[in-house]
Amino acid sequence: MPELPEVEVTRLGIAPAITGLRLQRVRLGKPLRWPLGCAPELLHGRVITGVRRRGKYLLLDLDQGAVLVLHLGMSGSVRILDKDNPPGPHDHVDLVFADRLLRLHDPRRFGALIYADSSDAPHVHKLLVKLGVEPLSEQFSPQTLKTGFQGRSVSVKQALLAGDVVVGVGNIYASEALFLAGIHPKTAAGRIGPARLAKLHAAVVQVLAQAVEKGGSSLRDFVAADGSHGHFQLSAQVYGRAGQPCRVCHAPIKHIVQGQRSTYYCAQCQH
DNA sequence: AGGTTGACCTGTCAGC
DNA sequence: TGCTGACAGGTCAACC
């Protein structure tokens, strides 16, 4: 369920709640996408020294340079709860502290919690090696897209989603960013000129930054760390609006499938 | 090397 | 009401 904004909002929610706390124990439910990678007991007594984000991965820093890599998959959400709160059938990770716990709720179990020690430094873990630039950092520029898309025949929608050029743009925000930039989602990534790449760069930043500001409320069933369900606002320009009138030109929004994922666009506004 | 496809797993909703 | 199929916010691994 989460794209970068939801992961970032989750980070902002849990960081103040667990930074500096000592882990008492780890409770695991059903298996997730990957195994933890160490004995849970190894984590007992370790201290959370900070919470970072890389793409859609949350990085819980531990003392001694180790890291717990947390991914929410398609259906994951993280909450801070009272220590005695009993787990439900889809609660597959509890990091238990003295008075509270951090819980991963993930019905589809595409998420993961992975222990990484310093042996994978500086990448933290091999899963993070091929990730592209952070879109909300100064590293991200129109040049990032120019270099990354150069010579690539894949559609710009799929290139955005792939995450090897720029991270964090998921299926919803890819459609939204392309609409904002006026670019047709089927356009070959390598055939977009500098001026349009500049528009796309600005659109990606705008869409993601705005979603973070709104607290990730753009996703239907996103649950923040404090348990609040962000009010889902029908703020999408195109996503999920097949057949409905474009908010700009009133032409009907189109729906296509690219790489087995839904794409929405306005054929009149996007070329 | 880049592009394409299948796989992972469960809940929800539309249609019959 | 119950069954079936399509679909859902991610992304890796295996194939061409």
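The buried residues of helix H4 pack against four elements: H1, helix H3 (156-162), H5 and strand S10 (261-265). I should say at once that this is a predicted model. H4 is mostly covered, with 10 of its 11 residues buried. Those buried residues are Asn-171, Ile-172, Tyr-173, Ala-174, Ser-175, Glu-176, Ala-177, Leu-178, Phe-179 and Ala-181. Immediately after H4, Gly-182 adopts a positive phi of about 70°.

Let me turn to one of those partners. How do H4 and H5 pack, and at what angle? Helix H4 (residues 171-181) meets helix H5 (residues 194-213) at an angle of about 130°, and their axes are 8 Å apart. Because of that angle, H4 is oblique to H5. The crossing of the two is right-handed. On the H4 side, the contact is made by Tyr-173, Glu-176, Ala-177, Leu-178, Leu-180 and Ala-181. On the H5 side, the contributors are Lys-199, Leu-200, Ala-203, Val-204, Gln-206, Val-207, Leu-208 and Ala-211. By class, the residues of the contact of H4 with H5 comprise 11 nonpolar, 1 polar and 2 charged. As a general remark on helices, an α-helix has 3.6 residues a turn, so residues three or four places apart point the same way.

H5 has further partners, and I take H2 next. Helix H2 (residues 142-149) packs with H5 at an angle of about 115°, with the axes 8 Å apart. This crossing, of H2 and H5, is right-handed. Pro-142, Leu-145, Lys-146 and Phe-149 of H2 make the contact with Leu-197, Ala-198, Leu-200 and His-201 of H5. Sorted by class, the contact of H2 with H5 has 6 nonpolar, 1 polar and 1 charged residues. Leu-200 of H5 therefore appears in the list for H2 and in the list for H4, if one reads contact as heavy atoms within 4.5 Å.

The next pair is H1 and H5. Their axes come within 8 Å and cross at roughly 35°. The crossing of H1 and H5 is right-handed. From H1 the contact involves Pro-5, Glu-8 and Val-9, and from H5 it involves Leu-208, Ala-211 and Val-212. The residues of the contact of H1 with H5 divide into 5 nonpolar, no polar and 1 charged. Leu-208 and Ala-211 of H5 are listed here with H1, and they are listed with H4 also.

I now come to the annotated positions. Which residues does UniProt list for "active site"? The record, an unreviewed entry, names Pro-2, Glu-3, Lys-56 and Arg-261.

Pro-2 sits in the segment before helix H1 (4-18). Is Pro-2 buried or exposed? Its relative accessibility is 8%, so Pro-2 counts as buried. Setting aside residues up to four places away in sequence, Pro-2 touches Val-7, Lys-56, Leu-72, Gly-73, Met-74, Gly-76 and Leu-219.

Lys-56 belongs to the loop between strand S2 (48-54) and strand S3 (57-62). Because its relative accessible area is 22%, Lys-56 is partly exposed. With neighbours within four places in sequence left aside, Lys-56 is in contact with Pro-2, Glu-3, Leu-4, Val-7, Leu-70, His-71, Gly-168, Val-169 and Gly-170. Two of the listed positions, Pro-2 and Glu-3, are thus among the contacts of Lys-56.

A further loop residue deserves a word. Asn-85 is placed in the loop between strand S5 (77-82) and strand S6 (91-96). Asn-85 counts as partly exposed, because its relative accessibility is 28%. Beyond its neighbours within four places in sequence, Asn-85 is in contact with Leu-101 and Arg-103. Asn-85 and Arg-100 are separated by 15 residues in sequence and by 8.7 Å in space, C-alpha to C-alpha.

I close with the domain annotations, which come from the record. In an unreviewed entry, UniProt assigns "domain: Formamidopyrimidine-DNA glycosylase catalytic" to residues 2-111. Over residues 2-111 the chain is 14% helix and 36% strand, and the end C-alpha atoms are 11 Å apart. The feature "domain: FPG-type", also from an unreviewed UniProt entry, is placed at residues 237-271. Over residues 237-271 the chain is 0% helix and 29% strand, with the end C-alpha atoms 16 Å apart.

Methods. Residues numbered from 1 in each chain as written. Chains lettered and ligands numbered in written order. Predicted model: local features only at pLDDT ≥ 70, side-chain atom pairs only at ≥ 80, totals over all residues. Heavy atoms only, no water. Axes fitted to C-alpha atoms, helices over the stretch in contact; angles between N-to-C directions. Parallel < 35°, antiparallel > 145°, perpendicular 65-115°, else oblique. Left-handed = near helix turned anticlockwise from the far one by under 90°. Nonpolar A, V, L, I, M, F, W, Y, C, P; charged D, E, K, R; others polar. UniProt positions renumbered as here; feature names shortened; annotations may be inferred. Buried < 20%, exposed > 50% of the residue type's maximum accessible area, 1.4 Å probe, protein only.
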